[in-house]
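User: Please take one part of this model and go through it closely. I would like a connected account that a first-year student can follow.

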Amino acid sequence: MSMPVSVLPSGVVNAAAPATVKVPGTARAQAATGPLTVQSDVMQFPGPQVTGNWMVAATRVKAGGVFVVNQASTGTSVGPAPVTPGPMTVVMGDLRIKAM
């Protein structure tokens, strides 16, 4: 089943807060609001050096040769000692772009 693709950093959350910045791995595939999120993108969260990486992405759709991230995708966030690592998920995707 296809799911909405992630575009905005604020649509990705970890255990504590929504992401503030997305370091894009590709700028080739664009939605109306910005580049699509792909598996090689690094997400940054509020706090000292809290980042997240995608572990599971869509399996059938690629952008710039890298699998896109949709609402079924999961990742992990890590940070220094006071930050507890946690799962990273997409809670809000672009409803006009869907991927499997």
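Analyst: Thr 51 stands opposite Val 78 in E10. This is a predicted model, and the pair belongs to the contact between E7 and strand E10 (residues 74-78), which run antiparallel over five bridges. Thr 51 also has a partner in another strand: Gln 44 stands opposite Thr 51 in E7. That pair belongs to strand E6 (residues 42-45), which pairs with E7 in the antiparallel sense over four bridges. E6 and E7 form a hairpin with four residues between the strands. In this hairpin Gly 47 takes a positive phi near 115 degrees.

The next residue to look at is Gly 52, which is found in strand E7 (residues 50-56). Gly 52 is buried, because its relative accessible area is 0%, and the cut-off for buried is under 20%. Leaving aside residues up to four places away in sequence, Gly 52 touches Asp 41, Val 42, Met 43, Phe 45, Thr 76, Ser 77 and Met 88. Gly 75 shows how sequence and space can part ways: Gly 52 and Gly 75 are 23 residues apart in sequence, while their C-alpha atoms are 6.8 Å apart in space.

The wider setting is an open sheet of six strands in the order E2-E11-E10-E7-E6-E3, with antiparallel pairing. Its edge strands are strand E2 (12-13) and strand E3 (21-23), each of which pairs on one side only. At the E2 edge, E2 pairs with strand E11 (residues 86-90) in the antiparallel sense over two bridges. There, the bridge partner of Val 13 in E11 is Thr 89.

At the other edge, Lys 22 lies in strand E3. Lys 22 is buried yet has no salt bridge. Why is there no salt bridge to Asp 41? Asp 41 is the nearest side chain of opposite charge, but it is 4.4 Å away, and a salt bridge needs the side-chain nitrogen to be within 4 Å of a carboxyl oxygen. The side chain of Lys 22 does reach backbone oxygens: that of Val 7 at 2.7 Å, and that of Pro 35, which lies 2.7 Å from a polar atom of the Lys 22 side chain. Not counting residues up to four places away in sequence, Lys 22 touches Val 7, Pro 9, Pro 35, Leu 36, Thr 37, Asp 41, Val 42 and Met 43. Asp 41, Val 42 and Met 43 are also among the residues that Gly 52 touches.

Definitions and conventions. Residues are numbered from 1 along each chain as its sequence is written. This is a predicted model: local features need pLDDT of at least 70, side-chain atom pairs count only at pLDDT 80 or more; totals for chains, interfaces and linings use all residues. Side-chain values use heavy atoms; hydrogens and water are left out. Buried means under 20% relative accessible area, exposed over 50%, partly exposed in between (1.4 Å probe, protein chains only). Contact means heavy atoms within 4.5 Å. Two strands pair if DSSP finds at least two bridges between them. Lys and Arg count as positive and Asp and Glu as negative; His and the chain ends are not counted. A polar contact is a pair of N or O atoms within 3.5 Å; within protein, one must be able to donate a hydrogen and the other to accept it, and residues adjacent in sequence count only if both atoms are side-chain atoms.
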